[in-house]
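These exercises go from the whole chain down to single residues. Work through each task with the structure open before reading its solution.

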Amino acid sequence: MIAVEVAYGLKNQQLIIPLVVPIGCTVEETILQSGILQHFPDIDLLLNKVGIFGQLVALSQPLKAGDRVEVYRPLKMDPKQARVLRARKVL
């Protein structure tokens, strides 16, 4: 068994769930076991990207002890476009 965490955050609410899973458990299995989908029903694993410590990974990625699985929110706007719009407002 290994200790891992599953994390998800909204603008005003974040949740990190520690849990112990079997060795070889995948990102998807861990997310499902964590119960985070019940806390945030808007998460869709077919749409939301996932990562481990900021690095994108596949749902089938096996975990190592100490990994933090992160479920990412979809971007509302391309970051490059957002910077352009902010720059225009400053000028």
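**Exercise 1. The chain as a whole**

Task: How many helices and strands does the chain have, and in what order do the elements run?

Solution. The model is a predicted one. Its chain holds three helices and five strands. Read from the N terminus, the elements follow the order β-β-α-α-β-β-β-α.

Next, take the overall dimensions. The chain has a radius of gyration of 16 Å, well over the 12 Å that the globule rule gives for 91 residues, so the chain is more spread out than a compact globule. The C-alpha trace spans about 55 × 25 × 20 Å along its principal axes.

Then turn to the surface. Of the 91 residues, 33% count as buried. The accessible surface comes to about 6400 Å², and 58% of that belongs to carbon and sulfur atoms.

Last, look at contacts along the sequence. Taking contacts between residues at least 6 apart in sequence, 45% join residues at least 24 apart.

**Exercise 2. The sheet**

Task: Work out the strand order of the sheet and state which strands lie at its edges.

Solution. Start with the order: the five strands form an open sheet, arranged S2-S1-S5-S3-S4, and the pairing is mixed. The edge strands are S2 (14-21) and S4 (55-57), each of which pairs on one side only. On average, neighbouring strands of this sheet are turned by 30° against each other, direction ignored.

Now place the helix. H1 packs on the sheet and touches S1, S2, S3 (50-52), S4 and S5. The direction of H1 makes about 110° with that of S2.

**Exercise 3. The two partners of strand S1**

Task: In which sense, parallel or antiparallel, does S1 pair with S2, and in which sense with S5?

Solution. Take S2 as the starting partner. S1 and S2 pair in the antiparallel sense over eight bridges. The two strands form a hairpin, with four residues between them. Individual pairs can be picked out: Val4 has Leu19 as its bridge partner in S2, and Gly9 stands opposite Gln14 in S2.

Move to S5. S1 (residues 2-9) and S5 (residues 68-71) pair in the parallel sense over three bridges. In S5, Arg68 is the bridge partner of Glu5, and Glu70 is that of Ala7.

Finish with the cover on S1: six of its eight residues are buried, and the strand is mostly covered.

**Exercise 4. Two threonine contacts**

Task: Is Thr30 buried or exposed, and what does its side chain reach?

Solution. Locate the residue: Thr30 is in helix H1 (residues 27-34). Apply the cut-off: buried means under 20% relative accessible area. Thr30 has a relative accessible area of 0%, so it is buried.

Then check the side chain. The side chain of Thr30 reaches the backbone oxygen of Thr26 at 2.9 Å.

List the neighbours. Leaving out residues up to four places away in sequence, Thr30 touches Val4, Val6, Leu19, Val21, Cys25 and Leu63. Two of these, Val4 and Leu19, are bridge partners in the pairing of S1 with S2.

**Exercise 5. A loop residue**

Task: Why does Leu59 count as partly exposed, and which residues does Leu59 touch?

Solution. Leu59 is found in the loop between S4 and S5. Partly exposed covers the range between the buried limit of 20% and the exposed limit of 50%. Leu59 has 23% relative accessibility and therefore counts as partly exposed.

For the contacts, again set aside residues up to four places away in sequence: Leu59 touches Thr26, Val27, Glu28, Ile31, Leu45 and Val50. As a distance check, the C-alpha atoms of Leu59 and Leu46 are separated by 9.6 Å, with the two residues 13 apart along the chain.

**Exercise 6. A residue of strand S2**

Task: Which residues does Val20 touch, and how far apart in space are Val20 and Leu85?

Solution. Val20 lies in strand S2. Not counting residues up to four places away in sequence, Val20 touches Met1, Ile2 and Ala3. From C-alpha to C-alpha, Val20 and Leu85 are 44 Å apart, while in sequence they are 65 residues apart.

Conventions:
Residues numbered from 1 in each chain as written. Predicted model: local features only at pLDDT ≥ 70, side-chain atom pairs only at ≥ 80, totals over all residues. Heavy atoms only, no water. Buried < 20%, exposed > 50% of the residue type's maximum accessible area, 1.4 Å probe, protein only. Polar contact = N/O pair within 3.5 Å; in protein donor to acceptor, adjacent residues only side chain to side chain. Contact = heavy atoms within 4.5 Å. Pairing = 2+ DSSP bridges. Axes fitted to C-alpha atoms, helices over the stretch in contact; angles between N-to-C directions. Rg over C-alpha atoms; globule rule 2.2 N^0.38 Å. Areas by Shrake-Rupley, 256 points an atom, 1.4 Å probe, with all protein chains shown as cover.
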